[in-house]
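Me: I have a model open and would like to talk through its arrangement. Could we go over it together?

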There are 4 protein chains.
Amino acid sequence: MEEFDIEHVADAELRDPVLIEGLPGVGHVGKLAAEHLLEEFDATLVRRGYSEHFPPQVTVEEGRSELACVEFHAVEVEGRDLLVLTGDHQAQDNAGHYRLTDTLLDVAEEFGVQRAFALGGVPTGELIEEYDVIGAASDGELLAELREHVEVREDEPAGGIVGVSGLLLGLGERRGLPAACLMGETSGYLVDPKSARAVLGVLETVLGFEVDVSSLEERAEEMEEVVRKIQEMEQGPSPDDDLRYIG
Amino acid sequence: MEEFDIEHVADAELRDPVLIEGLPGVGHVGKLAAEHLLEEFDATLVRRGYSEHFPPQVTVEEGRSELACVEFHAVEVEGRDLLVLTGDHQAQDNAGHYRLTDTLLDVAEEFGVQRAFALGGVPTGELIEEYDVIGAASDGELLAELREHVEVREDEPAGGIVGVSGLLLGLGERRGLPAACLMGETSGYLVDPKSARAVLGVLETVLGFEVDVSSLEERAEEMEEVVRKIQEMEQGPSPDDDLRYIG
Amino acid sequence: MEEFDIEHVADAELRDPVLIEGLPGVGHVGKLAAEHLLEEFDATLVRRGYSEHFPPQVTVEEGRSELACVEFHAVEVEGRDLLVLTGDHQAQDNAGHYRLTDTLLDVAEEFGVQRAFALGGVPTGELIEEYDVIGAASDGELLAELREHVEVREDEPAGGIVGVSGLLLGLGERRGLPAACLMGETSGYLVDPKSARAVLGVLETVLGFEVDVSSLEERAEEMEEVVRKIQEMEQGPSPDDDLRYIG
Amino acid sequence: MEEFDIEHVADAELRDPVLIEGLPGVGHVGKLAAEHLLEEFDATLVRRGYSEHFPPQVTVEEGRSELACVEFHAVEVEGRDLLVLTGDHQAQDNAGHYRLTDTLLDVAEEFGVQRAFALGGVPTGELIEEYDVIGAASDGELLAELREHVEVREDEPAGGIVGVSGLLLGLGERRGLPAACLMGETSGYLVDPKSARAVLGVLETVLGFEVDVSSLEERAEEMEEVVRKIQEMEQGPSPDDDLRYIG
């Protein structure tokens, strides 16, 4: 295997597609959002990407192994073509992040991608009441467009944007591909479907489509239930509460 | 030295050989199992593999140094040829795991290997009563065959398979070599000859041969004696036990 | 992107320029000093340097992303041309330090740089009263010149000079570029504008120019105020002090 | 700079030279022993080796910087030519150890080296009374010769030999250069000139020369004085001892 190995799984002719990236990150916000698109719309797996920069491992499901990879799906969303990038891994080393992103951008270019949206989370360190989404872009024009749909803050995210999401903007700009990042606020402690829903909400208005988020909301409610239980356990049962506590 | 250096030690014509990998890992299960084959059958050292991805060291025995390496032995087992891969090291870095496995697969291909079995352990975190073996494969046909001889679980091993064993499946599949992994349950705390014996038991039925495991059982009994002593020490001597305790 | 990507931002004809390096380091002394030159004199951004050895991230300001980079500015200081190197990052790995410095020296050479000054801090481990500056050079002639303006100590800095500053001297010498390092003493615990002012003071006498350091002094006073408050908090309020303590 | 940069400092015609390696390691035994040869005999610096695998730093002495390097000196010892390798650094990464040793062996080969002796220490974990030296070799003939002058133990050093010393044997063997390692027992806690003297003692009998070790003994006595003081401080003063304790 070479440093990168892009497996051609299926052909696809995409009309002016938009790249949507949702690799693992804070609260798995981007991953949840991107995978939700694959569940709700017709998605065709078109490419798999393997790399020696991924962890040296296979996952196993029902006894069948699968080498660590990322996947590109072609998705048609109300007449608009998306190229959705998902997976379970980021690169494991510094240079690997740069080279991986560059290779993924090559694939995007091959499909004629003209714009990219990196989806992710921004950690706040506390539980979220209102799920704000923050935007950033590598390009003035795209940033201006973004400002109509999403909050752009003076100095956030404070630590910048790291990993593939950040480099999609940085390396995208170096090769003339306008790219934006939509970051849902999230505590940073939990997988956060609510934040993913908020990010999808912004993506809907920016790209002009609608997606059913009920399954994401169900998952969010399950997570909230978990959070509630943890909070209750931390506070201890209230006096009139103790008989109903277990369960 | 290049990144990899494969030393040609002896020629060997193998008929439709099966690759058996037993490099160090959890409980040294795979290593014990593979080395047991070398002890019980006629084995010819055919290749040594050196690499800058191994630790920078030599071992010393009776004053004679030996550079860190892995070894391929040709082994004839009841009319069937095996190519057995053993050694004291895995790669020390991420990309090294990928490149090492790829290089080892090149050697296997050179010998005409058509199938590979990676032997290893899967940690359970507690002492084992019954030594189950779990199977996984990179290929549907091989997996179906495996199911006749070994348990295949829905979602195990949970963390996937890492290192050379995992990549033998993952990279094997990328080059069209069907590969399976036989993982003996083991506590993860001790070198585990009993788990190795269980793995060999499955390998015997899959490949159709028989191997004397008495030396492995002796070693297992020695280990069990050690475990018993440790458990006794942890629990403290029982009242009627204390005179016999020391020794 | 290649391992390094030098972006040509603007042309500049520099007469016998001196390279001034101020990348992040102890007390951010070199960075503060070099950036102060950019603030006080006319500075033209001429090159940006990107590298896979930098952290995989973009910074975001007002929603606009910028890929991790270092910058070269052409600065005219009283008839003398400087090429000032600043940025927020050093390389993240060992070989990266060597390769980055070599690449930056290529850029300097392209501009005809004949001499280099690396600016930095040397940690003393305690708060500084008098801000001494220590000098070192890769070249006997430059060192002799330096001795007229700055203290050269027998065995300091004890740990040598690490990172780009150190390698500017080491690799500069290998390619025949005389280079010196001016290191301001600093506690090592705080960003230290006073140490940066001291370093600039030496640079002024060595290169023969004058720079207004009032903004740096303001910043130093702010930092001293912070230090005073921290010291007060550590010692606790004195008896007749406690009414005025808060605030 | 390339990955390695071998600076040609002086020409030297060596007759059938022996390579002596003394880079930093346990107790700095090898380094002390090799540097002692440079002090006691006429030594000509012939090559310096720089590498991106060394730490990214310069040392500074009297204000003059020197890039991290290793040095080869040609030394004539009673009619016998030695090529002595010393320095302050080993490689900082795994592959770097392999590549550095290979490059250093290229230099040795260029000088016609036919045999190599790596000098080092083997840690015992306790203060040493009698300074034994253990030998190991990559080659049966050299090992047999070694047995006449130095102890060869069944299974020591238990952890093998790591770093450049180990790879001199391992990679030396791969290219047909017989190499031995002489390891002085040392506590592992202190720089140990006594162990270095013991190693030199063996080297004298193996190579047939004599070296004045009085300066090494002085240094050893200084170290022993330090050790004595530390031991006294740990035990506390004895009753009739306390008036003489300070000083």
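Reply: What follows covers the chain arrangement, the helix packing, the core and some backbone details of this predicted model.

Me: Let us begin with the chains. What turn lays chain B on chain A?

Reply: A turn of 90 degrees, with a shift of 0.1 Å along the axis, lays chain B on chain A with an RMSD of 0.1 Å. That is the relation of a four-fold axis.

Me: And what rotation superposes chain A on chain C?

Reply: Chain A is superposed on chain C by a rotation of 90 degrees, with 0.1 Å of shift along its axis and an RMSD of 0.1 Å.

Me: Which residue of chain B comes closest to the rotation axis?

Reply: In chain B it is B:Asp93, whose C-alpha is at 7.3 Å from the axis. In chain A, the residue that comes closest to the rotation axis is A:Asp93, at 7.3 Å by its C-alpha.

Me: How far apart are the nearest C-alpha atoms of chain B and chain C?

Reply: They are 15 Å apart, and chain B and chain C do not touch. Chain A and chain D do not touch either, with their nearest C-alpha atoms 15 Å apart.

Me: Now the helices. At what angle do H2 and H4 of chain A cross?

Reply: The axes of H2 (residues 94-110) and H4 (residues 163-174) of chain A cross at roughly 65 degrees and come within 9 Å. The crossing of H2(A) past H4(A) is right-handed.

Me: Which residues meet there?

Reply: From H2(A), the residues are A:His97, A:Tyr98, A:Leu100, A:Thr101, A:Asp102, A:Leu104 and A:Leu105; they meet A:Gly163, A:Val164, A:Leu167, A:Leu168, A:Leu171 and A:Gly172 of H4(A). The residues of this contact of H2(A) with H4(A) divide into 8 nonpolar, 4 polar and 1 charged.

Me: What about H5 and H6 in chain D?

Reply: In chain D, the axes of H5 (residues 193-207) and H6 (residues 214-235) come within 8 Å and cross at roughly 150 degrees. The H5(D) residues D:Pro193, D:Lys194, D:Ala196, D:Arg197 and D:Leu200 meet D:Leu216, D:Glu217, D:Arg219, D:Ala220, D:Met223 and D:Glu224 in H6(D). In the contact of H5(D) with H6(D), 6 residues are nonpolar, no residues are polar and 5 are charged.

Me: How many residues are in the largest nonpolar core, and which touch the most other members?

Reply: That core has 164 residues, and those touching the most other members are A:Leu19, B:Leu19, C:Leu19, C:Leu83, D:Leu19 and D:Leu83. In soluble globular proteins, nonpolar side chains tend to be buried together.

Me: What is D:Leu19 in contact with?

Reply: Leaving aside neighbours within four places in sequence, D:Leu19 is in contact with residues including D:Phe72, D:Leu83, D:Leu85, D:Phe117 and D:Leu168. D:Arg115 is also in contact with D:Leu19.

Me: Turning to the backbone, where is A:Pro157?

Reply: A:Pro157 lies in the loop between helix H3 (140-147) and strand S10 (161-162) of chain A. The peptide bond from A:Glu156 to A:Pro157 is cis, with omega near -5 degrees. In chain D, the peptide bond from D:Glu156 to D:Pro157 is cis, with omega near -5 degrees.

Me: Why remark on a cis bond or a positive phi?

Reply: Most residues other than glycine have a negative phi, and most peptide bonds are trans.

Me: What is the phi of B:Asp16, and is this residue buried or exposed?

Reply: B:Asp16 has a positive phi of about 45 degrees although it is not a glycine. B:Asp16 counts as exposed, at 53% relative accessibility, and is found in the loop between strand S1 (4-8) and strand S2 (18-22) of chain B.

Note on methods:
Residues numbered from 1 in each chain as written. Chains lettered and ligands numbered in written order. Predicted model: local features only at pLDDT ≥ 70, side-chain atom pairs only at ≥ 80, totals over all residues. Heavy atoms only, no water. Least-squares fit on C-alpha atoms with pLDDT ≥ 70 in both. Axes fitted to C-alpha atoms, helices over the stretch in contact; angles between N-to-C directions. Helix = DSSP H or I, 4+ residues; strand = E, 2+ residues; numbered from the N terminus. Left-handed = near helix turned anticlockwise from the far one by under 90°. Contact = heavy atoms within 4.5 Å. Nonpolar A, V, L, I, M, F, W, Y, C, P; charged D, E, K, R; others polar. Core = buried A, V, L, I, M, F, W, Y, C linked by side-chain atoms within 4.5 Å. Buried < 20%, exposed > 50% of the residue type's maximum accessible area, 1.4 Å probe, protein only.
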